[in-house]
Each structure stands twice: as structure tokens, then as C-alpha cells.
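Thank you for making time this morning. I would like to walk you through one structure, going from the overall layout to a few side chains.

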Amino acid sequence: MARTIAKGSLKGSGKKSTKKSGKRSAGVLMFRRVGESADVLLVHPGGPFWAKKDDGAWSIPKGLFDEGEDALTAAKREFEEETGLRPDGAFIDLGVFKQPSGKEISAFAVEGAFDLESFRSNSFAMEWPPRSGHMTEFPEADRAGWFGPQQALEKIIKGQRPIVQALLERLGLAPR
């Protein structure tokens, strides 16, 4: 759901105005065991660019972090901002994954429970429609979903597939 706001105002967006490095993100891939397999929690990006995209558009909850900031601390914060849940548990460091854009994602995994009914996300503002002079607020993520291994690899952004694959390998569930 989009909301129009006054140009230059980010009031109510929930975002701090600290400068972030544009090349480093951190995120958490939550998983739950389902029999002898596992599901992963992905979020669908909010905003007009992603509105009609599905396969190849979902992401792990993630966001930019500051120089000197601990990647896991940032990943937990970003997960909470995009889902409304502060993740807790024994985190697995999955590594750093370079994206096609050159950005690097420090990815962590944690086993957990997330009720999709409790999903809520912070928002961001952008000029919309383009060149209209109107700032419109959109959710950072407009929905979340649990996906089995194969479906997750279809839904997730291509550059993040290795993150899901790394988790599956760590759990001994790599698809054949």
C-alpha cells in the first residue's frame, strides 16, 4: 500500500538518516524444519518497480550497514525493520556473497518461527510517479512467505540464490 507524503519528508518512515555504505548489506535467512526438509522465509520488495514481479524478485530480509558496524547486528536490525520480528537464536554465518551489482551481502541464517499474519515492514519514500514532484511512501517489503528449497530458488533474486544454496548445504539439504 502506497501513501503520498510531502516532498522531502520522511516522517513516519522509521528510517534513521545515518549514512550507509552503498556496497555492503547484511541479512538473515530464517528457516524452519519441515520433516526432512526446510522452508526459508523470503520477503517481496515493496514499491512500484517490484509490484508486478514475482519469480526472481523475492529477497532475504537485508539492508545496508555502516562502516565499523557489526554485520550480524545490522542483519538482525534489518530483519526486524523488514518483517516486524527481532530474530533470535543460534545464528549460522553463511558468508559474504558478491552480487551482480558489485554489492556484497553478509548473510546469516537462524532457525525460527515467523507467523506471516504478524508481518509488518518499515517504509521508504520516493518521488512517484516519476517527475511528478510528489513523494510517495512504500513499504520496504510488501509481503513475506515461507518457501521450500526448490520454490525458494525460483522466487529469490538470482544473485541471492547462492545464499539459499549455502544454507541448504549446511543443513545437508542441497537440491540434486
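I will begin with the layout, then turn to the cores, the aromatic rings and finally the charged side chains.

Please keep in mind that this is a predicted model, in which local features need pLDDT of at least 70 and side-chain atom pairs count only at pLDDT 80 or more, while totals for chains, interfaces and linings use all residues. Residues are numbered from 1 along each chain as its sequence is written, and side-chain values use heavy atoms, with hydrogens and water left out.

Let me start with the secondary structure, where the protein has 3 helices and 9 strands, helices being DSSP runs of H or I with at least four residues and strands being runs of E with at least two, numbered from the N terminus. Read from the N terminus, the order of the elements is β-β-β-β-α-β-β-β-β-β-α-α.

The protein has 176 residues, and 45% of them count as buried, where buried means under 20% relative accessible area, exposed means over 50%, and partly exposed is in between, with a 1.4 Å probe and protein chains only. The area that the protein exposes is about 9,500 Å², with 51% of it supplied by carbon and sulfur atoms; these areas come from the Shrake-Rupley method with a 1.4 Å probe, and for residues only the protein chains shown count as cover. If we take the contacts with a separation of 6 or more, 68% of them are between residues 24 or more positions apart, a contact being heavy atoms within 4.5 Å.

Now to the interior: which residues have the most contacts inside the largest nonpolar core? That core has 24 residues, and the ones with the most contacts inside it are Leu29, Leu42, Ile60, Leu94, Ile163 and Leu167. By nonpolar core I mean a set of buried Ala, Val, Leu, Ile, Met, Phe, Trp, Tyr and Cys residues joined through side-chain atoms within 4.5 Å. At least two residues of this core come from each of strand E2 (24-34), strand E3 (37-45), strand E5 (92-98), strand E6 (104-111), helix H2 (149-155) and helix H3 (161-170). The element that gives the most to this core is H3, with 5 residues.

To look at one member more carefully, Ile60 touches, leaving aside residues up to four places away in sequence, a set of residues that includes Leu29, Leu42, Ile105, Ala107, Ile156 and Ile163. Apart from this core lies another, of 17 residues, among them Ala75, Phe79, Phe108 and Val110.

Let me move on to the aromatic rings, of which there are 3 pairs in the structure. Rings of Phe, Tyr and Trp (its six-membered ring) pair if their centres lie within 6.5 Å, and planes under 30 degrees apart count as stacked, over 60 as edge-to-face and the rest as tilted.

One of these pairs is formed by Phe49 and Trp50, which are edge-to-face at 4.8 Å centre to centre, with 90° between the planes. Phe49 counts as exposed because its relative accessibility is 54%, whereas Trp50, at 23%, counts as partly exposed.

Another pair, Trp58 and Phe147, is also edge-to-face, at 5.0 Å centre to centre and with 75° between the planes. Trp58 lies in the loop between E3 and strand E4 (62-64), and Phe147 lies in strand E9 (residues 141-147), so the pair ties together parts that are 89 residues apart in sequence. Trp58 is buried, with a relative accessible area of 4%, and Phe147 is buried as well, at 9% relative accessibility.

Where do the salt bridges come in? The structure holds 11 of them, each being a side-chain nitrogen of Lys or Arg within 4 Å of a carboxyl oxygen of Asp or Glu.

Arg33 and Glu111 form one through their side chains, at 3.4 Å from N to O. Since Arg33 lies in strand E2 and Glu111 in strand E6, this pair ties together parts that are 78 residues apart in sequence.

The side chains of Arg77 and Glu81 form another, at 3.9 Å from N to O, and both residues lie in helix H1 (residues 71-83), 4 residues apart, about one turn of the helix. Arg77 is buried, with a relative accessible area of 16%, and so is Glu81, with 14%.

Finally, there is a network of salt bridges that links Asp54, Asp55, Asp142, Arg143 and Lys155, and within it the side chains of Asp142 and Arg143 meet at 3.3 Å, N to O.
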